[in-house]
Amino acid sequence: MQKSLSRRLFLQGTTATVSAALAAASSSSLAGTKPEINRPTPLYGPPPGVAKLNANENPYGPSPAALKAMMEASQKGAYYVYDSVMRLKTMIAERHGLTPEYVTLGSGSSAGLAAAAVTAAQTGNILGPDLFWDTTSRVVELQNIGEIKRLPKLESLAIDLDAMYSAIDESISMVQVTNPNNPTGMLIDPLAMRNFCIKASKKCTVLADEAYNELTDDSDANTVIPLIKDGHDIIVARTFSKIYGLAGMRVGYLIAQPEKIEQMEKYGLGWYGLNQAGLAAAIACYEDHQFMDYCRAKVKEAREMVAAAVKENGLTALPSVTNFMFVNLGALNAETFRAEMAKENVLIRGIYRDYTNWSRVSMGRLEDVQKYTSALPKVLHRIS
Ligand SMILES: Cc1ncc(COP(=O)(O)O)c(C=O)c1O
């Protein structure tokens, strides 16, 4: 009774309701991403001298073209964003051989992911692996309108697509796969992912969160967007927050069947949550391959530095294709490690769920990654 009442109230709710729930979900999952440094925090970005490696941002952004476009667009901040929304939607659609009805934009991909979760909650529960970027989907649990069912974890921390497919029963309305996954950084074999999506989408909606797709070596091979063109019930979420280096400008998008887009747009998508400067930046850098190649190369270099340091210090890390790595601390506690690294002005993530000895570090600027690799032996010595 209680559940159906709050479900009804929520589904009657407004954008503000979704945003408030999303803010609550984010604040609990952002533990360890806020600075704990004893000095005044600047209004924008980390304090000088602090290596901010806790939120998978790309500090090489915004690109020069995006910066220029933002300056111009900010001067037109008096006007609503309808035309720039249409322009970006069209660019994204054309890039994938689709029409704009297949695309919706939001304030970061978080807005889209939350809308997808709330839409799914109307007809069932969400199925996911044990560990994935669940911040937005947890909105349905916070609102008591649905549940996230999780697969048991594998020792490898990989996603078991066969088990996932077998677990789709009548209670499941959406299955969610983050690919590459956060916080593991691991990528699913493209053919296996494609086959899974085709099969699973006959039973329920498939949500593929591809936030880190453009950081992989072959972004086109690693996306399931072409399956949407083929008519399958798949939602792909993408963002300008990662490779494009625009996390603070809040632009993300969903691609799905037009009727699904229409359903999800009831929950705060469309153009309401967007701003002129963010859109201008996204439009300016969407096809900036030179900038993206540059960022990918820097991220790769950073991953090599971290991998070498991890090995030198007797630890291991999962094979990441993204701008973060998941390090196995052995017997050590990831929260203690995080707190001690913060004392060295290196900000990283703390514990996820019951993964008490796993620690995630983002690939920031090389000088910041260097701070991490230098602090690593010192901190390990202190807490061992
Ligand atoms: C896998 C994944 N999806 C989505 C997001 C949300 O990012 P945004 O709302 O900035 O697009 C993140 C943020 O870290 C993420 O890691």
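Two strands count as paired if DSSP finds at least two bridges between them, and I kept this in mind when I opened the model, which is a predicted one.

**Entry 1, strand 5 and its neighbours.** I began with strand 5, residues 172-178, and looked up which strands lie beside it. Strand 5 and strand 6 (residues 205-209) run parallel and are joined by five bridges, so the pair passes the cut-off of at least two. In this pairing I found V177 standing opposite A208 of strand 6. From strand 5 the chain goes through helix 8 (residues 190-200) to reach strand 6, and I noted that this β-α-β crossover is right-handed. Strand 3 (residues 125-128) also pairs with strand 5, again in the parallel sense, over three bridges, and there I126 stands opposite M174 of strand 5. Is strand 5 mostly covered, or mostly open? I checked its residues and found that seven of the seven are buried.

**Entry 2, the loop after strand 5.** I then followed the loop between strand 5 and helix 8, where P180 has its place, and looked at the peptide bonds. The bond that joins N179 and P180 is cis, with omega at about -5 degrees. P183 is located in the loop between strand 5 and helix 8 as well, and the peptide bond from N182 to P183 is also cis, with omega near 15 degrees.

**Entry 3, helix 14.** For helix 14 (residues 366-383) I compared an expected length with the model: at 1.5 Å a residue its 18 residues should span 26 Å, and the end C-alpha atoms are 25 Å apart, which agrees. I also noted a bend of about 35 degrees at L376, with a proline, P377, following within four residues. The buried residues of this helix include L366, V369, Y372 and L376, and its buried residues pack against several elements, among them helix 12 (289-312), helix 13 (334-343) and strand 12 (358-362).

**Entry 4, salt bridges.** Side chains of opposite charge can pair when their charged atoms come close. I found that the structure holds 20 salt bridges, and I looked up three of them.

- K371 and D368 meet through their side chains at 3.9 Å, N to O; because they are three residues apart in helix 14, about one helical turn separates them. D368 is buried at 14% relative accessible area, whereas K371 counts as partly exposed at 31%.
- D134 and R138 form a salt bridge at 3.2 Å, N to O, and both D134 and R138 are buried.
- K153 and D354 form a salt bridge in which the closest N and O atoms are 3.2 Å apart. This pair links distant parts of the chain, 201 residues apart, with K153 in the loop between strand 4 (148-150) and helix 7 (161-166) and D354 in the loop between strand 11 and strand 12. K153 is partly exposed at 39% relative accessible area, and D354 is partly exposed at 47%.

**Entry 5, positive phi values.** Which residue in the loop between strand 1 and helix 3 (64-74) did I look up? It was N56, which has a positive phi of about 55 degrees although it is not a glycine. N56 has a relative accessible area of 0%, so I recorded this residue as buried. N144, in the loop between helix 6 (139-142) and strand 4, has a positive phi near 60 degrees and is likewise a residue other than glycine. N144 is partly exposed, with a relative accessible area of 34%.

Terms used:
Residues numbered from 1 in each chain as written. Predicted model: local features only at pLDDT ≥ 70, side-chain atom pairs only at ≥ 80, totals over all residues. Heavy atoms only, no water. Buried < 20%, exposed > 50% of the residue type's maximum accessible area, 1.4 Å probe, protein only. Right-handed = clockwise from strand over helix to strand, strands pointing away. Expected span 1.5 Å × (residues − 1). Bend = angle between axes of the 7 residues up to and from the residue. Contact = heavy atoms within 4.5 Å.
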